[in-house]
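Reader: I am new to this protein and would like to know where the words used for it come from. Could you take me through them?
Author: Gladly; here it is, and you can ask as we go.

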Amino acid sequence: MDNFTTTDDSQFLRHEPCDVCGSSDAKAIYDNDTSFCFSCEAYEGSVDPSTAERRVKVDPKLYKGIPQGVRSRGLSEETCRKFGYLTCNVSEGLVYAAQYRNKDGAVIAQKIRTQDKKFRIVGDGKHMTFFGQNLWNHGKKLVITEGEIDAMSVSQIQNHRWAVVSLPQGAQGAKRAVKDNWDYLQEFDEIILMFDMDEAGQSSAKEVAELLPLGKAKIARLPLKDANDCLMAGKTKEVVDAIWQAREYRPDGIVAASDLRKAITEPDEVSSITYPYEMLNTVTRGLRRGELVTITSGSGMGKTTLCSEIALHLHKSGERLGMIMLEESNKQTLRNLIGIHTNTNLTVNHDALTKEELEGAFDEIFLGDDQVFLYDHFGSTDVDTICNRIMYLARVLEVNWIILDHISILISGLATNDERKLIDMTMTKLRTLVQETGIGLILVSHLRRPEGDKGHEDGAKVRLGQLRGSHAIAQLSDICIGLGVDPENPNSNTRQLSVLKNRFTGQTGFAGNITYNIDTGRLLDQQAIF
C-alpha cells in the first residue's frame with residue numbers, strides 16, 4: 001500500500017486508523033494534506049480526482065467517528081472495529097453509525113442509531129448490501145440476523161470464525177435483501193436465519209426460507225428474543241448451539257383430506273395460457289405453470305424456431321419469460337424474436353431490416369417492460385449453474401415460464417461418458433425445480449436416430465421411446481411434443497405436431513400441421529396461412 005502513487009507530486013508519509021470504516025491501518029496520509037483509505041476508498045483533502053483516480057470522495061452526509069466498544073450491548077472494541085461500527089459525537093449527542101457497503105465493497109451509507117433507539121439512514125440507502133457482507137465471501141454456513149447489534153453479537157460469541165451478516169432494512173425488508181444479494185447467498189452451503197423470536201421475526205424467517213432453494217435455509221431458535229439478549233444474559237453457548245442445531249426449513253406439504261372437499265368439485269379448466277397453434281391447444285388444453293414440457297424432433301426440423309414462436313406468443317400475452325438458449329447468442333435470440341414480430345427471416349437475409357427498423361421493432365417488443373430475460377451462457381453451461389440461474393429467474397425475477405434449449409448441451413461438458421445417468425440426474429433436478437418454483441419449463445431434447453435407413457428428416461415417425469439418452473426425459477415430462485416432417489412429402493415445408501405424452505388429459509396423437517415460410521422465417525398454423 002505504501003507504493004500507491006498519483007500523477008500529482010504527493011508523497012506517502014504514514015498509515016493511520018480510518019475513522020470512516022474503522023480499519024486500524026488502512027488510511028494512508030500524504031504530504032499534501034490528503035489521505036486515502038485502502039479499505040473503504042475514502043479520501044479527504046483538496047485534491048483533484050482526475051489526478052488520483054483511485055481516491056473516491058466520501059459522501060459528506062456520512063458521520064465520522066471511531067470504533068469503540070458498546071458496553072451497554074456487551075460488544076468489544078475488536079468487534080466494532082471489525083464490522084466498522086462507529087461511535088460518533090455529534091451535535092445531537094452520542095450516536096452509533098453502522099457502515100454499509102455496496103457490492104464493490106465501498107462504504108456508501110450508514111444506519112444511524114440514536115441513544116433513544118431511533119434509526120435513520122444517511123447516504124445511498126438503495127444499494128446497501130448485508131451489514132458485514134464485505135467480511136466473508138463464501139463458506140459452509142452463513143448466519144443472517146435482523147439487526148447489526150445481533151450480527152456483531154453472534155460473531156463475537158464465536159470469535160468471528162463463521163460468517164455473520166444482518167439485514168439492511170430489518171425483517172420488513174428481508175425478502176428484498178435476499179433478492180438483491182442472491183448470488184452472494186449462493187456462495188454458502190447453508191443459510192441460517194437467526195431472526196428475532198417474536199411473531200414478526202419468525203414470520204419473516206419463513207418467508208425468506210421459502211424464497212431460498214429448498215434445503216438451503218435453516219431457521220435457528222433462541223432461548224431469548226434475539227442474539228444480543230443472549231449475549232447480555234450469558235447464554236453464549238445457546239447461541240452456538242442454535243447455529244449448529246438449526247432445523248432445515250421445508251414447507252408444510254401435509255394437508256388433511258377434509259380440507260380439500262371444495263377443491264375436488266372444481267373442474268380443471270382449459271388454461272388461459274396457450275400455444276400459438278390451435279390444434280395443439282385442443283389436444284393439450286394449453287400451457288400450465290408447474291408443468292415440464294419437452295419439445296423434440298430430428299435435427300434441423302425447426303425446434304428453436306418453434307420455441308421462438310412460443311416465446312414471443314407468451315410475451316405478447318403478458319407473461320414474464322426467461323430464455324436459456326444454449327445453442328445461440330443472446331443477440332441471435334433477440335434477432336429471431338424481432339424477425340418473428342416483423343415477419344422477416346433475419347437469419348437468411350441478415351440485412352432485411354435497416355438499423356432504424358431493427359431498433360423500432362425492438363422498442364415495440366421490449367422497451368420498458370422488463371418481461372423477457374436472457375441468460376449469457378458463455379463458458380457457463382454446467383447443470384448446477386443453469387439450475388441456479390433458473391431458480392434466480394423464478395424466485396428473484398419472478399418469471400412464469402422458462403425455455404431451455406437444449407438438454408444435450410447441458411450435459412456435454414460433464415466429465416463422464418455415462419450419458420443416460422447424466423440425463424437422469426439433470427431431469428430430476430429440472431423436475432424438482434419446476435415443482436419447487438411453480439414455473440412452466442419448456443425443454444428441448446434431441447432424438448436418437450431410428451433404426452433402419454429412414455431418418456426423421458426422411459419422414460420417420462417421431463416416437464416417445466426415441467428421446468435421446470434416457471427414459472427419464474419421457475418419465476419426468478408432463479407433456480412431450482414431437483415435431484416431424486410430412487411423411488408423404490418430407491421435402492416440403494410442412495411440419496407435423498404430435499403429442500407423444502399428455503399427463504393432463506391422456507390425449508395424444510396428431511396435433512396439427514404447421515408450415516415454415518423461408519421468406520418470413522415463421523412456423524405458422526396452416527389455417528392461419530390459407
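Reader: How many helices and strands does the secondary structure of the protein chain come to?
Author: The chain comes to 16 helices and 23 strands. Please keep in mind that this is a predicted model.

Reader: What share of the residues of the protein chain counts as buried?
Author: Of its 530 residues, 52% are buried. That label is for a relative accessible area under 20%.

Reader: Why is Arg-389 called buried?
Author: Its relative accessible area is 18%, and the cut-off is under 20%, so Arg-389 counts as buried. You can find Arg-389 in helix α12, which spans residues 383-395. Leaving out residues up to four places away in sequence, Arg-389 touches Trp-182, Asp-183 and Tyr-375.

Reader: What makes the pair Arg-389 and Asn-388 a polar contact?
Author: Their side chains are joined at 2.5 Å, and the limit for such a pair of N or O atoms is 3.5 Å. Neighbours in sequence count only if both atoms are side-chain atoms, and here the contact does join side chains.

Reader: Why is Ile-264 called exposed?
Author: Exposed asks for over 50%; Ile-264 has a relative accessible area of 70%, so the word fits. Ile-264 sits in the loop between β14 (247-248) and α8 (278-284). Together with Val-255 and Leu-260, Ile-264 makes a nonpolar surface patch of about 320 Å².

Reader: How do you know that Lys-111 and Glu-148 meet in a salt bridge?
Author: The N to O distance between their side chains is 3.0 Å, and a salt bridge needs such atoms within 4 Å. Lys-111 belongs to strand β8 (residues 107-114) and Glu-148 to helix α2 (residues 148-157), so the bridge ties together parts 37 residues apart in sequence. Both partners, Lys-111 and Glu-148, are buried.

Reader: What makes α2 mostly covered?
Author: Ten of its ten residues are buried. Among them are Glu-148, Ile-149, Met-152 and Ile-157. Just after α2 comes Asn-159, with a positive phi of about 55 degrees.

Reader: Why does the pair Asp-116 and Lys-118 count as a salt bridge?
Author: The closest N and O atoms of Asp-116 and Lys-118 are 4.0 Å apart, and the rule reads within 4 Å. Lys-118 has 56% relative accessibility and is therefore exposed. By this rule the count comes to 21 salt bridges.

Reader: What can you tell me about the salt bridge of Glu-190 and Lys-218?
Author: Their side chains meet at 3.5 Å, N to O. This pair links distant parts of the chain, with Glu-190 in strand β12 (residues 188-194) and Lys-218 in strand β13 (residues 217-219), 28 residues apart. Glu-190 has a relative accessible area of 12%, so it is buried. Lys-218, at 17% relative accessibility, is buried as well. Lys-140 and Lys-141 are linked with Glu-190 and Lys-218 in a network of salt bridges.

Reader: How many disulfides does the structure hold?
Author: Zero. To be counted, two cysteine sulfur atoms would have to lie within 2.5 Å. As for single cysteines, Cys-307 is at 0% relative accessibility and so counts as buried. Cys-480, at 1%, counts as buried too.

Reader: What makes the phi of Lys-117 worth pointing out?
Author: Most residues other than glycine have a negative phi. Lys-117 is not a glycine, yet its phi is positive, about 65 degrees. Lys-117 is in the loop between β8 and β9 (119-123), and with a relative accessible area of 54% it is exposed.

Reader: Why is Asn-343 called partly exposed?
Author: Partly exposed covers what is neither under 20% nor over 50%; Asn-343, at 41% relative accessibility, therefore gets that name. Asn-343 also has a positive phi, near 55 degrees, and its place is in the loop between α10 (330-342) and α11 (355-365).

Reader: Which peptide bond is cis, and what is its omega?
Author: The bond from Asp-405 to His-406 is cis, with omega near 5 degrees. Most peptide bonds are trans. His-406 is located in the loop between β18 (401-405) and α13 (407-412).

Notes: Residues are numbered from 1 along each chain as its sequence is written. This is a predicted model: local features need pLDDT of at least 70, side-chain atom pairs count only at pLDDT 80 or more; totals for chains, interfaces and linings use all residues. Side-chain values use heavy atoms; hydrogens and water are left out. Helices (H or I, at least four residues) and strands (E, at least two) are DSSP runs, numbered from the N terminus. Buried means under 20% relative accessible area, exposed over 50%, partly exposed in between (1.4 Å probe, protein chains only). A polar contact is a pair of N or O atoms within 3.5 Å; within protein, one must be able to donate a hydrogen and the other to accept it, and residues adjacent in sequence count only if both atoms are side-chain atoms. Contact means heavy atoms within 4.5 Å. Patches are made of residues with over 30% relative accessible area and no salt bridge: like charges are joined within 9 Å, nonpolar side chains (Val, Leu, Ile, Met, Phe, Trp, Tyr) within 5 Å. Accessible areas come from the Shrake-Rupley method with a 1.4 Å probe; for residues, only the protein chains shown count as cover.
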